[in-house]
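Hello,

Here is the structure I promised to pass on. Please open it first; my notes follow below.

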Amino acid sequence: MPETVTLKIVGGNTVNFILTFTDDAGTAIDITGWTVWMTVKENINDADASAKIQKKVTSHTTPLSGITTITMSATETAGLLTSTTVGRYIHDIQIKNASSEIYTIEIGPFLVETRVTLSTS
């Protein structure tokens, strides 16, 4: 079963999600050849093509140490801002390992706060 995690970001900011994959003993897993997806949707049943953001990572930060980074740009996260105080979405993180096995490892709410400072230069 995937872990249920609530993620909270500030819209209009760059966000880096750093993931480290380990086995049950805490030893790093070599993620060379893996694909990692992070998808953010308004509704869980929306098609992937309708996702607010979908990131696909095949080039990992430190694959032999099981580390990858999913980056969302300030422009991408600004697209999640709503007229209300908090944008509410759903997200998941899915992997396809080197054996082509697919697992959803995380799922849960994805909350987007409105930023106070709007200046960027």
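**The core and its aromatic pairs**

The largest nonpolar core has 22 residues. Phe 17, Val 36, Met 38, Leu 80 and Phe 110 are those with the most contacts inside it. Two or more residues each come from β2 (7–10), β3, β4, β5 (53–57), β6, β7 (86–96) and β8. Keep in mind that this is a predicted model.

Two names from that list also meet as rings. A search of the whole structure finds two aromatic pairs. One of them is Phe 17 with Phe 110, a tilted pair. The centres are 6.4 Å apart, with 55 degrees between the planes. Phe 17 sits in strand β3 (residues 15–20) and Phe 110 in strand β8 (residues 102–113), so the pair ties together parts that are 93 residues apart in sequence. Phe 17 is buried, at 13% relative accessible area. Phe 110 is buried too, at 0%.

The other pair is Phe 21 with Trp 34. This one is edge-to-face: 5.2 Å centre to centre, 65 degrees between the planes. Both residues lie in the loop between β3 and β4 (35–41), so the pair ties together parts that are 13 residues apart in sequence. Phe 21 counts as buried, with 10% relative accessibility. Trp 34 is buried, with a relative accessible area of 10%.

**Around Phe 17 and Phe 110**

Which side chains of β3 point to the buried face? Val 15, Phe 17 and Leu 19 do, and they are buried. Asn 16, Ile 18 and Thr 20 point to the other face and are not buried. The side chains thus alternate along the strand.

β3 also pairs with strand β6 (residues 67–72). The two run antiparallel and are joined by six bridges. Within β6, Ile 70 is the bridge partner of Phe 17.

Phe 110 has a long contact list. Leaving aside residues up to four places away in sequence, Phe 110 touches Leu 7, Ile 9, Phe 17, Met 38, Val 40, Met 72 and Leu 80, among others. Its contacts also include Gly 87, Arg 88, Tyr 89, Ile 90 and His 91.

As background, nonpolar side chains in soluble globular proteins tend to be buried together.

**Salt bridges**

How many salt bridges does a search of the whole structure find? The search finds four. Three are described here, beginning with Lys 8 and Glu 113.

- Lys 8 and Glu 113 meet through their side chains at 3.3 Å, N to O. Lys 8 lies in strand β2 and Glu 113 in strand β8, so this pair ties together parts that are 105 residues apart in sequence. Lys 8 is exposed, at 58% relative accessibility. Glu 113 is partly exposed, at 22%.
- Asp 48 and Lys 41 form a salt bridge at 2.9 Å, N to O. Asp 48 counts as partly exposed, with 44% relative accessibility. Lys 41, in contrast, is buried, with a relative accessible area of 10%.
- Lys 55 and Glu 76 form a salt bridge, and the closest N and O atoms are 3.0 Å apart. Lys 55 lies in strand β5 and Glu 76 in helix α1 (residues 74–78), so the pair ties together parts that are 21 residues apart in sequence. Glu 76 is partly exposed, at 27% relative accessibility.

If you look at one place, make it Phe 17 and Phe 110: they form an aromatic pair, and both are among the core residues with the most contacts.

Best wishes

Key. Residues numbered from 1 in each chain as written. Predicted model: local features only at pLDDT ≥ 70, side-chain atom pairs only at ≥ 80, totals over all residues. Heavy atoms only, no water. Phe/Tyr/Trp six-rings, centres within 6.5 Å; stacked < 30°, edge-to-face > 60°. Helix = DSSP H or I, 4+ residues; strand = E, 2+ residues; numbered from the N terminus. Buried < 20%, exposed > 50% of the residue type's maximum accessible area, 1.4 Å probe, protein only. Pairing = 2+ DSSP bridges. Core = buried A, V, L, I, M, F, W, Y, C linked by side-chain atoms within 4.5 Å. Contact = heavy atoms within 4.5 Å.
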